[in-house]
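Thanks for asking me to look through this one. My notes follow as numbered points, to be read with the structure open beside them.

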Amino acid sequence: MIRSLRGMNDILSEDYERFEYFIKTASEVARRYGFHYIETPLLEETALFKRSVGESSDIVGKEMYQFNDKGGNDVCLRPEGTAGVVRAFVQNKLDRKGGIHRFFYHGPMFRYERPQKGRLREFHQFGVESFGVASVYEDASLIMMISDIFKALGIGYTLQLNSLGDQNCMPQYRESLVEFLDLHVSEICNDCKRRKETNPIRVLDCKNEACQNLYKEAPKLFTSLCESCKSDFDTLLKLLDANAIAYEIDTHLVRGLDYYSKTAFEFVSTEIGAQSAIAGGGRYDRLVEFLDGKETPAIGFAIGIERLLELIVMPQKEREGYYFGAMDAEALETIIKAGQAKRSTDTVIIEYTPKSLKAHLKGADRVNARYCAVIGENELKDAKIWVKDLQESKEETLSLTQFKK
RNA sequence: GUGAGAUUAGCUCAGCUGGUUAGAGCACUGGUUUGUGGUGCCGGGGGUCGCGGGUUCGAAUCCCGUAUCUCACCCCA
């Protein structure tokens with residue numbers, strides 16, 4: 001038997017219903033916030049991700065589905081969504097056009113990782129990207145959008161917030177942190193030694209207890225923020241307070257992708273295991289420039305769809321549509337014709353095997369149909385059809401012409 | 001990439017220290033005397049015991065390899 005590749009799953013039946021329900025709900029909320037759908041290719045030039053996500057990140061360093069295509073181009077399956085949207089934004093010269101551009105997207109992403117619960121090699125994200133708004137009001141607005149989406153889906157979460165600083169305060173801070181790490185290099189774990197070289201800020205996120213104790217003494221990013229970062233963060237907190245959005249400030253919250261600055265946030269669920277981040281995002285004011293565009297402030301987030309599928313509280317399913325069946329082979333032709341006509345307005349399931357009324361009712365019940373329509377000997381003789389409303393338990397026998405109405 | 005556990009019917013699992021035709025519940029399917037479901041009763045189909053080797057008179061059961069899943073690390077949504 002040929003199986004799907006490791007970490008790549010089919011989405012079907014009930015899972016797909018949840019999947020579709022999520023997309024529909026999240027898209028509606030995004031549209032209400034003035035965002036428009038954008039579709040970008042799954043395959044992009046590898047350089048796009050190297051320059052945006054950053055070569056120091058694990059995503060680019062070791063998790064990309066990268067290969068040379070037949071034309072010799074170095075390409076890869078997208079590991080995340082932001083880079084492609086920013087590329088499209090620049091390529092379509094929206095940075096030159098000016099103004100505000102707000103997009104949302106959803107689709108598959110690919111990372112060559114060891115799969116586990118909530119972490120697949122092909123997984124799906126829903127994300128939004130907003131270009132052209134420097135105001136921290138947009139940061140608050142995006143957080144409220146996620147809150148709205150989760151509220152609509154019945155999903156509980158904790159919101160964690162931090163500020164990563166900008167080009168004025170972050171480089172200085174990074175330097176002072178590296179100095180600190182150099183002084184204590186013998187005390188930190190091997191992972192942190194590696195992080196010190198690749199992405200020093202990440203050490204703050206280390207789960208090693210000894211490291212964490214040590215970092216209590218380390219310089220704090222939070223207290224090193226410049227004036228504008230500090231006041232923006234304070235404003236953000238005020239806005240969230242005013243809109244009854246609960247949050248925790250986590251000064252060790254770090255984003256894994258290099259392009260983030262200033263506001264960083266993560267929505268976390270305690271109900272889904274180790275891969276607990278269900279949404280994450282932040283500001284990336286420099287990224288458009290990095291990708292050869294005109295300096296444009298921007299912010300976005302992404303939601304991991306598979307991770308929250310099991311958290312979604314689905315609305316109760318109601319009986320819907322028609323089930324058609326014949327009790328004798330002679331009535332089959334008539335029932336198929338009647339069912340086909342009904343398809344112009346309703347969901348219709350036609351049973352092709354003649355069987356007893358009881359068997360048809362069971363069949364209608366199993367497919368969760370609202371109505372069970374059957375033609376037997378008596379009905380066929382009088383050109384009528386017997387219809388039962390399975391929800392109200394009411395039945396009637398109509399003439400076929402009347403039934404079509 | 002590292003460490004640990006699992007893999008038996010469509011699903012959830014039982015199968016003790018290797019011993020004759022591998023079981024249960026649910027699901028599916030048919031019937032339940034004359035045309036009434038979701039809720040009774042009786043029957044039926046369905047398994048190369050993940051895959052490949054090995055030990056043995058004999059392997060679902062022991063050993064080795066491999067694949068996949070799960071958990072933790074790493075990383076991230």
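1. A good place to begin is the pairing of strand 7 with strand 9, where Thr-158 faces Val-268 of strand 9. Please keep in mind that the model is predicted. Strand 7 covers residues 158–163 and strand 9 covers residues 261–268; the two run antiparallel and are joined by six bridges.

2. Both strands belong to a sheet of eight strands, which is open and has the order 1-5-6-11-10-9-7-8. Its pairing is mixed. Which strands stand at the edges? They are strand 1 (36–37) and strand 8 (248–249); each has a single partner strand, so one side of each is left without a neighbour in the sheet.

3. Helix 6, made of residues 136–153, lies across a good part of this order: strand 5 (101–110), strand 6 (122–131), strand 7, strand 9, strand 10 (277–283) and strand 11 (298–304). If you want a reference for its direction, helix 6 runs at about 20 degrees to strand 11.

4. There is another open sheet to look at, formed by three strands in the order 2-4-3 with antiparallel pairing. Strand 2 (43–45) and strand 3 (66–68) are its edge strands, each pairing on one side only. From one strand to the next, the twist averages 35 degrees.

5. Within the three-stranded sheet, strand 3 and strand 4 (residues 74–77) are held in the antiparallel sense over three bridges. Gln-66 is a handy marker here, as it stands opposite Cys-76 in strand 4. Helix 2 packs on this sheet and touches strand 2, strand 3 and strand 4. The direction of helix 2 makes about 75 degrees with that of strand 2.

6. Helix 2 turns up again in the second largest pocket, whose volume is about 440 Å³. Of the 22 residues lining this pocket, Met-170, Arg-174, Asp-258, Tyr-259 and Tyr-260 are the closest to its centre. Helix 2 (46–54) and helix 7 (170–183) are the elements that give two or more residues to the lining. Helix 7 gives the most, with three residues. How does the lining divide by class? It has nine nonpolar, seven polar and six charged residues.

7. For enclosed space, the structure holds three cavities of 30 Å³ or more. The largest cavity has about 50 Å³ of space. Its lining is made up of Tyr-37, Ile-38, Glu-39, Thr-40, Arg-78, Tyr-105, His-106 and Gly-107. Strand 5 provides the largest share of that lining, three residues. By class, the lining of the largest cavity divides into three nonpolar, three polar and two charged residues.

8. Finally, a word on the overall layout. Chain A is divided into domain 1 (13–169 + 225–309) and domain 2 (322–404). How many Å separate the centres of the two domains? Taken over C-alpha atoms, the centres of domain 1 and domain 2 are 50 Å apart.

How values were computed. Residues are numbered from 1 along each chain as its sequence is written. Chains are lettered from A and ligands numbered from 1 in the order in which they are written. This is a predicted model: local features need pLDDT of at least 70, side-chain atom pairs count only at pLDDT 80 or more; totals for chains, interfaces and linings use all residues. Side-chain values use heavy atoms; hydrogens and water are left out. On a 1 Å grid over the protein atoms alone, a cavity is a set of points where a 1.4 Å probe fits but cannot get out, and a pocket is an open set with protein on both sides within 12 Å along at least five of seven lines; lining residues have an atom within 4 Å of a point. Grid points are joined across faces, edges and corners, and a volume is the space filled by probe spheres set on the points. Helices (H or I, at least four residues) and strands (E, at least two) are DSSP runs, numbered from the N terminus. Ala, Val, Leu, Ile, Met, Phe, Trp, Tyr, Cys and Pro count as nonpolar, Asp, Glu, Lys and Arg as charged, and the others, Gly among them, as polar. Domain bounds come from an automatic or database domain assignment. Two strands pair if DSSP finds at least two bridges between them. Axes are lines fitted to C-alpha atoms, for helices over the stretch in contact, and angles run from 0 to 180 degrees between N-to-C directions. Contact means heavy atoms within 4.5 Å.
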